[in-house]
2 protein chains.
Amino acid sequence: MRVIDYSGRYAFADGAVKGAGKGGVAVATISDVARQAGVSTATVSRALNGKSTVDPALVARVRAAAEELGYHPNGLARNLRRQETAVLALIISDVENPFFTSIARGVEDVAQTAGYSVVLCNSDENADKEQRYIDVALQERVAGVVLSPTDVSSSVERLRHRGTPLVAVDRPLTECDQVLVDSRLAARQATEHLIGAGYRRIGCVTGPAGIRTADDRLAGYRDALDAAGRDLRLERRGEYRASGGRQATEALLAESPDALLVANSAMAIGVLEALGEAGLRLGRDVGVVAFDDVPWATLIDPPLTVVAQPAYEIGAAAARLLLARIAEPSLPPAATMLEARLIERGSTQRATSPR
Amino acid sequence: MRVIDYSGRYAFADGAVKGAGKGGVAVATISDVARQAGVSTATVSRALNGKSTVDPALVARVRAAAEELGYHPNGLARNLRRQETAVLALIISDVENPFFTSIARGVEDVAQTAGYSVVLCNSDENADKEQRYIDVALQERVAGVVLSPTDVSSSVERLRHRGTPLVAVDRPLTECDQVLVDSRLAARQATEHLIGAGYRRIGCVTGPAGIRTADDRLAGYRDALDAAGRDLRLERRGEYRASGGRQATEALLAESPDALLVANSAMAIGVLEALGEAGLRLGRDVGVVAFDDVPWATLIDPPLTVVAQPAYEIGAAAARLLLARIAEPSLPPAATMLEARLIERGSTQRATSPR
DNA sequence: ATGAAAGCGCTAACAT
DNA sequence: ATGTTAGCGCTTTCAT
C-alpha cells in the first residue's frame, strides 16, 4: 500500500519512506514487483528475463505486476551486476561530416540487430574531447568502442590497458582491429584521372599534417605525379573544414593550378567558393575532384567528380568486427581494407560546356 | 552473448580469484586502491571526488595508488549509488540531416560545459526506433532527454510517468519544455517572398502528414496565398528525403509550377535534381526556396534562397532548458520560440542570369 | 521450480 | 579527519 505525497516520495504502510529518483516520481523496483506478485525478486528477475525454468502462471503474475507498477528495470544495477553493458560507443571526429554520419548509420544498423545501442560522441577533431569521451566510455563500461582517431595519440592506451574492445575506422591504429579505405591508392587514381583528362598544373588541397587520411591522400597525389614524371607540386594544407579549403585554395591560386585534388568534402565547399569568387569555371578552368560522395555533388554545375568511400559499409564492418571481438577478445587484430571508387563527372572535363 | 574468459582472471596473493571485466583484463576497484594506499574506501572516494575534508598527504597517496593501478571509477556503480547520471540523451530523427547535427552541436556544447555527456540516438523518423531509444534512456536512467518527436505519439508517456526531464525540439509536445521555430510564419514569409518576386504558380513540397513541421510549413504556404487572394494550390507531400522531394516534384511538374517552397533540405536535393532533369532553369523557370541553410546553398547556380533556422541555438537552448529542469523539476513548462530568417539568393530571382 | 542471500563498486550516513 | 557500514537494484549461485 503506497501513498504518493507532494514531495514526490511515497510511504509504505510500515512507515518507511523511500527516496524517489531525481525526477521526483517514485520508481518501482524489482522488489516492489516481487511484493505485488507475491514472489521473490529472483523469480521476478527470471520471469522478466525469459528464463525457461519459471512457471508460466507465475510469469503471467509477474508481468501483470510489472505492468501495473510501470516497472522498468534499472539498467545501471543490471549492468553493474552483470559486469557488461549492451552499449557501444562511437567516437567520430566530425558529426557534421556526412562521411562520418554514414559510418554511424552502418554501425548503428549492425549493432541494433545484435541488441546493442550506440552512443555517438563527437570529438570534433580535438584530442582533448576524444580523451574525455574515451574516459566516459571507460567509466560507463561500454562493451566496446568504435573510434576515428584524431591522431596516433596514446589516448587509446587506457582502453587497451582496460581491455575494452576497440576498432579504429578511417584512420589506422597499431595493433588494433580496423576498417580502412586505401586512401593513398584512391588519391593516386584520382590524380591519374586528372592527368589523363589533360590537366597540367595539378594541385592538392589536403588536411592537417598528422591526420592520417590527409597525409595519405597527399602521398597518393605525389605517387601519381611521380609515376607520370611530373615535377610540379602544388600542395597546401588546411583544417578539414570549408574555411580550410578556402584558405588553401586562395593561397594556391597564386600558382595558377588548373586542377585540384581535394581531400575532404567539407574542404571542397571552401575550394569551390574560392574558385567561384576568383571567376574560375569549374572543369574548364580548374578541374576538381574531391573525396566523399556528397548528396549535392550532382547539383552543382558541372557536377562534381568524387572519390566515393563506402562509408556505410565501413561502419557496418567496424561494428561486426567489434561484436566479434567482444565475443572473443583473444582474436588476433583484423584489418579490413575497403576500396574507394572514382565517380567521374563534369568537374574534371576540360571541354565541359555548362548545361 | 556473454563469454566467460578464464584467461582473463587473476589471482590475489591470498589465492582468491577475482573476475575480470569482459575485456579479459583485471580492473582495479576502489578497494584495490584503498588497500594499496593503506586507507579506507571511503577516504579514496572522498579524495578522488575532491572533498575538502581529506588530508592533503592522503590525497596524494590515494592519487598515486590510483595512478599506479590504472584505476578508473566504475560509473555504473557510482550512478547506481548516486541515483543520477551525468548523461543526456539526444534523440533526433535524422543523423544525416545537417539541421539536426547542428542541433546536436548546440546541445553538446552546453552540456559539456555543465559536465554532462551527450548520447546521440538516431530515431530515423521511425516511431519504433524512437520508442526503443526512449526505453534505453529510461533503463540507463539518463538525467534528461532532448527529443525531436516523430509524431504526437504517446511514446513519451513512459518518460513522463517516470518523471525524466524532457525537452522537445523542432516539433511540439504538449505540456513539455520545448524549443521551436515558428515554421508556419517562416513558410508564410518565404511564400510571400515568392509572390513578391513575381511568381504566379507557386507550389509547396512538404513532408509527411503528421510531422508537425511538414504540416506547419504547408499551412504557412496557404496563409500567404490566402492573404494574397491566390486560389491556386499546388501541394505535394513526400518523405523528408531526397527521393521524397524528387517524387513530389515530378508529380507537381504536370501542373507547371513556376516556383516551389520546399520544406526540408534533404527534399530540396531531390527537387533540384528533378528540376534539372526536366531541363528547367532554377530561378528563371522555377523559383525555389528551401528550408534550412545548407553549406552547399551558395555553390549551386544560381545560389539557393533558404529559410535559415538557428539550429545550433535551438540545441543550446534545449540543453539549457533541460539542465534547468533537472535542477528544478517543478518548474512550469517553458516554450522557447525562435525565429527563422529568409536568406534571399538567386534561386528566387526570375531575371537571374547565370554567372 | 522457487527462495534466500551474497555481492557487483561505489557513496553517504553514522561513528569515532 | 578517517573508518565502518549500509545499501543503490539487480542477477545468480546455492539451497530447498
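This report covers one helix and the largest cavity of a predicted model.

## Helix α3 of chain A

Helix α3 of chain A runs over residues 56–69. That is 14 residues. From first C-alpha to last, the helix reaches 20 Å, close to the 20 Å expected at 1.5 Å a residue.

At its start, A:Asp55 makes a contact: one of its side-chain oxygens comes to within 2.7 Å of the backbone nitrogen of A:Ala57. After the helix comes A:Gly70. The phi of A:Gly70 is positive, near 65°.

## Two sides of the helix

Which residues of α3(A) are buried? They are A:Val59, A:Val62, A:Ala65, A:Ala66 and A:Leu69. Viewed down the axis of α3(A), these buried residues fall within an arc of 130°, so they line one face of the helix.

The other side of α3(A) has exposed residues. These are A:Pro56, A:Arg63, A:Glu67 and A:Glu68.

## The largest cavity

The whole structure holds nine cavities of 30 Å³ or more. The largest has about 360 Å³ of space. Its lining counts 27 residues. Closest to its centre are A:Val87, A:Val119, B:Val87, B:Val119 and B:Glu140.

Both chains supply elements that give two or more residues to this lining. Chain A provides α4 (75–82), β4 (87–92), β5 (117–122) and α6 (127–139). Chain B provides β3 (87–92), β4 (117–122) and α6 (127–139). By residue kind, the lining of the largest cavity divides into 20 nonpolar, five polar and two charged.

How values were computed
Residues numbered from 1 in each chain as written. Chains lettered and ligands numbered in written order. Predicted model: local features only at pLDDT ≥ 70, side-chain atom pairs only at ≥ 80, totals over all residues. Heavy atoms only, no water. Helix = DSSP H or I, 4+ residues; strand = E, 2+ residues; numbered from the N terminus. Expected span 1.5 Å × (residues − 1). Buried < 20%, exposed > 50% of the residue type's maximum accessible area, 1.4 Å probe, protein only. Arc of directions from axis to C-beta. Polar contact = N/O pair within 3.5 Å; in protein donor to acceptor, adjacent residues only side chain to side chain. 1 Å grid on protein atoms, 1.4 Å probe; cavity = no way out; pocket = protein on both sides within 12 Å on 5 of 7 lines; lining within 4 Å. Points joined across faces, edges and corners; volume = space filled by probe spheres on them. Nonpolar A, V, L, I, M, F, W, Y, C, P; charged D, E, K, R; others polar.
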